[in-house]
Amino acid sequence: VQLQASGGGLVQAGGSLRLSCAASGRTFSGYAMGWFRQAPGKERDIIAAITWNGGSTYYADSVKGRFTVSRDNAKATVFLQMNSLKPEDTAVYYCAATNSALYPHGPYAYWGQGTLVTVSS
């Protein structure tokens, strides 16, 4: 699976962004998808995930209630709607695919290239 993340940018605190991750190659619907982020000087952490059919989602406490993950298997795309953004949400955001039974924490076999989100105060 090849993954291409997009939608990052600069936004003011309290604003919104929608990230997209387009997949190609293997059957997209066969994979659960995760969104990760890595802030400067910090480890990469999972923040959201969604099962292959969208029937179940996972959110880290830090984004719960503000971010929403969704997917469109017909378009082989997963989305991350980010609302009420905070400066501490500033990071490079990555999408990734897994068919591991250890969902949502992986391991994730395929990774996108990352898209930078900067939230100004």
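Reader: How many bridges join E1 to strand E3?
Author: Heads-up: this is a predicted model, in which local features need pLDDT of at least 70 and side-chain atom pairs count only at pLDDT 80 or more, while totals for chains, interfaces and linings use all residues. Residues are numbered from 1 along each chain as its sequence is written, and side-chain values use heavy atoms, with hydrogens and water left out. Strands are DSSP runs (E, at least two residues) numbered from the N terminus, and two of them pair if DSSP finds at least two bridges between them. E1 and E3 (residues 17–24) run antiparallel, and the number of bridges joining them is five.

Reader: Which residue in E3 is the bridge partner of leucine 3?
Author: E1 covers 2–6, and its antiparallel partner E3 covers residues 17–24. Across in E3, the bridge partner of leucine 3 is alanine 23.

Reader: Which residue in E8 stands opposite leucine 19?
Author: E3 and E8 pair in the antiparallel sense, over six bridges. Opposite leucine 19, in E8, stands leucine 80.

Reader: And in E8, what is the bridge partner of phenylalanine 67?
Author: E7 and E8 (residues 77–82) are antiparallel too, joined by six bridges. For phenylalanine 67, the partner in E8 is methionine 82.

Reader: So what is the order of strands in the open sheet?
Author: The pairs are E1 with E3, E3 with E8, and E7 with E8. Put together as an open, antiparallel sheet of four strands, the order is E1-E3-E8-E7.

Reader: Which strands stand at the edges?
Author: Each edge strand has a single partner, so one of its sides is left without a neighbour in the sheet. Those edge strands are E1 (2–6) and E7 (67–72).

Reader: How much are neighbouring strands of this sheet turned against each other on average?
Author: The axes are lines fitted to C-alpha atoms, with angles running from 0 to 180 degrees between N-to-C directions. With direction ignored, the average turn between neighbouring strands of this sheet is 15°.

Reader: How much space lies in the largest pocket?
Author: A pocket here is an open set of points on a 1 Å grid over the protein atoms alone, where a 1.4 Å probe fits, with protein on both sides within 12 Å along at least five of seven lines; lining residues have an atom within 4 Å of a point. Grid points are joined across faces, edges and corners, and the volume is the space filled by probe spheres set on the points. For the largest pocket, that comes to about 170 Å³.

Reader: Which element gives the largest share of its lining?
Author: The largest pocket has 13 lining residues, with Arg37, Ala39, Lys42, Asp45 and Glu88 closest to its centre. Two elements give two or more residues to this lining, strand E4 (32–38) and strand E5 (44–50). The largest share, three residues, comes from E5.

Reader: Where is alanine 76, the one with a positive phi?
Author: Most residues other than glycine have a negative phi. Alanine 76 is not a glycine, yet its phi is about 50°. Its place is the loop between E7 and E8.

Reader: Which residue does a cis peptide bond join to glycine 106?
Author: The loop between E9 and E10 holds proline 104, and the bond to proline 104 from tyrosine 103 is cis, with omega near 5°. Glycine 106 also has a cis bond, with omega about 10°, and the residue joined to it is proline 107.
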